[in-house]
Amino acid sequence: MVGRESLGVYLRGIAMGAADAVPGVSGGTIALLTGIYTRLIDAITAVEPDRLLDIVATPLPDRRADGIDAFREIDGIFLAVLGLGIATAVVTVSRVLEHAMAAYPAATFGGFFGLIGASAWLLRREMQFDTRGRQAAALAGFAIAFLLSGQAEGALGHGPVVTFLAGTVAVSAMILPGVSGSLLLLLLGQYAYMIDHLNAFIDALLAVARGGTVALPRGTPTIVTFLAGGVVGLFTVAHAVRWALDHWQTATMTFLVALVVGALRAPVVQTGQRLEAGWSPAAIGLFAVAAVVGAAVVIAIERAASGEMVTPDA
């Protein structure tokens, strides 16, 4: 995959990364919209420890053939180029969001509320309550999200174990259209924390590139721990979610959509924590307007994904 095709995958990655950085918009939906969803799922679920070990051992003469074969089996060039695009967008968008959350909390989290709410509305047909098991799945999903939305940050804190767990959970959203990794981070109370550390890490790297003192960037342990959790999540959580969707699709989707509905509490709580003067009529109005705009964005994306904009992978 070279040249024009690589550029197309990179641009798709940028679109996915921009979506993944915002709670309520799923990178999986963007992958579906741009025609690479099936290829992405196949590549992610093909990533296994044995294949990674073969790839790492590629420089050894007697392991070179196995390494090349393993790299092809996981569609390595596709994942690498797509990942570069995602990383480019996440780094860029996270900087904008960090400022927006601090300076305009009502508008920013209002937009998140609209994104999440519209996603839940569009996914409502995936929910069924015709059995006790599915009813229990819906109740569990809503309760978990609703309780975490108000308590997670204070209860869990931001230690290495929590950061690792956040990475394992967030990466699973890559295979779920409608559920974003950022939404799961928001539920766990790690969203703003991770954005802050990511931006500090990037700032330190840029300072070194400009000739500054070479030192371990602030936030490095947090970023490394999160990424390590993401790698483990690829082998565990992502495969478990895929297995659940294959065997109990209706119950799993009912649980996930209920999770999204319960997560609507999170933007409201986060806004209240950041408003110095509390919930004034002006803040409520701004929150509501931003929510409408956010919902309109999700609906527009969904209509595009359901229409003729879905094209086969180039």
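Arg134 counts as partly exposed, at 22% relative accessibility, where buried means under 20% relative accessible area, exposed over 50% and partly exposed in between (1.4 Å probe, protein chains only). Arg134 is placed in helix H8 of a predicted model, in which local features need pLDDT of at least 70, side-chain atom pairs count only at pLDDT 80 or more, and totals for chains, interfaces and linings use all residues. Residues are numbered from 1 along each chain as its sequence is written, and side-chain values use heavy atoms, with hydrogens and water left out. The protein has 16 helices and 0 strands; helices (H or I, at least four residues) and strands (E, at least two) are DSSP runs, numbered from the N terminus.

**Helix H8**

- Leaving aside neighbours within four places in sequence, Arg134 is in contact (heavy atoms within 4.5 Å) with Gln128, Phe129, Thr250, Ala251 and Thr254.
- From Arg134 to Phe255 the C-alpha distance is 7.7 Å, although their positions lie 121 residues apart in sequence.
- Ala145 also has its place in helix H8, and Ala145 is buried, with a relative accessible area of 0%.
- Beyond the neighbours within four places in sequence, the contacts of Ala145 are Leu187, Leu259, Gly262 and Ala263.
- The C-alpha atoms of Ala145 and Leu186 are separated by 9.9 Å, and the two residues are 41 residues apart along the chain.

**Aromatic pairs**

- A pair of aromatic rings is described by the distance of the centres and the angle of the planes.
- Rings of Phe, Tyr and Trp (its six-membered ring) pair if their centres lie within 6.5 Å; planes under 30 degrees apart count as stacked, over 60 as edge-to-face and the rest as tilted.
- By this rule the protein has 6 aromatic pairs.
- One of them joins Phe112 and Tyr191, whose ring centres are 5.9 Å apart with planes at 90°, so this pair is edge-to-face.
- Phe112 belongs to helix H7 (residues 105-122) and Tyr191 to helix H11 (residues 191-209), so the pair ties together parts that are 79 residues apart in sequence.
- Both Phe112 and Tyr191 are buried.
- Another pair is Phe142 with Phe146: the centres are 5.7 Å apart and the planes at 20°, so the pair is stacked.
- Phe142 and Phe146 both lie in helix H8 (residues 132-156), with a spacing of 4 residues, about one turn of the helix.
- Phe142 counts as partly exposed at 36% relative accessibility, and Phe146 counts as partly exposed at 35%.
- Phe109, Phe112 and Tyr191 form one aromatic cluster.

**Loop residues**

- Most residues other than glycine have a negative phi, and most peptide bonds are trans.
- Asp75 has a positive phi, near 55°, and is a residue other than glycine.
- The loop that holds Asp75 runs between helix H5 (64-73) and helix H6 (76-103).
- Asp75 counts as partly exposed, at 21% relative accessibility.
- Asp62 lies in the loop between helix H4 (49-56) and H5, and Asp62 counts as exposed at 65% relative accessibility.
- Between the C-alpha atoms of Asp62 and Ala251 the separation is 47 Å, with their positions 189 residues apart along the chain.

**Helix H11**

- Leu206 has its place in helix H11 and is partly exposed, with a relative accessible area of 37%.
- The C-alpha atoms of Leu206 and Leu185 are separated by 26 Å; along the chain these residues are 21 residues apart.

**Whole protein**

- With 314 residues, a compact globule would have a radius of gyration near 20 Å, and the protein agrees with this at 20 Å.
- That radius is taken over C-alpha atoms, and the globule rule is 2.2 Å times the number of residues to the power 0.38.
- Along its principal axes the C-alpha trace spans about 70 × 55 × 40 Å.
- Of the 314 residues, 45% count as buried.
- Among contacts between residues at least 6 apart in sequence, 79% join residues at least 24 apart.
- The exposed area is about 15,400 Å², of which carbon and sulfur atoms supply 68%; accessible areas come from the Shrake-Rupley method with a 1.4 Å probe, and for residues only the protein chains shown count as cover.
- The mean positions of the 18 positive and 22 negative charges are 5 Å apart.
- Lys and Arg count as positive and Asp and Glu as negative, while His and the chain ends are not counted; the place of a charge is NZ of Lys, CZ of Arg, CG of Asp or CD of Glu.
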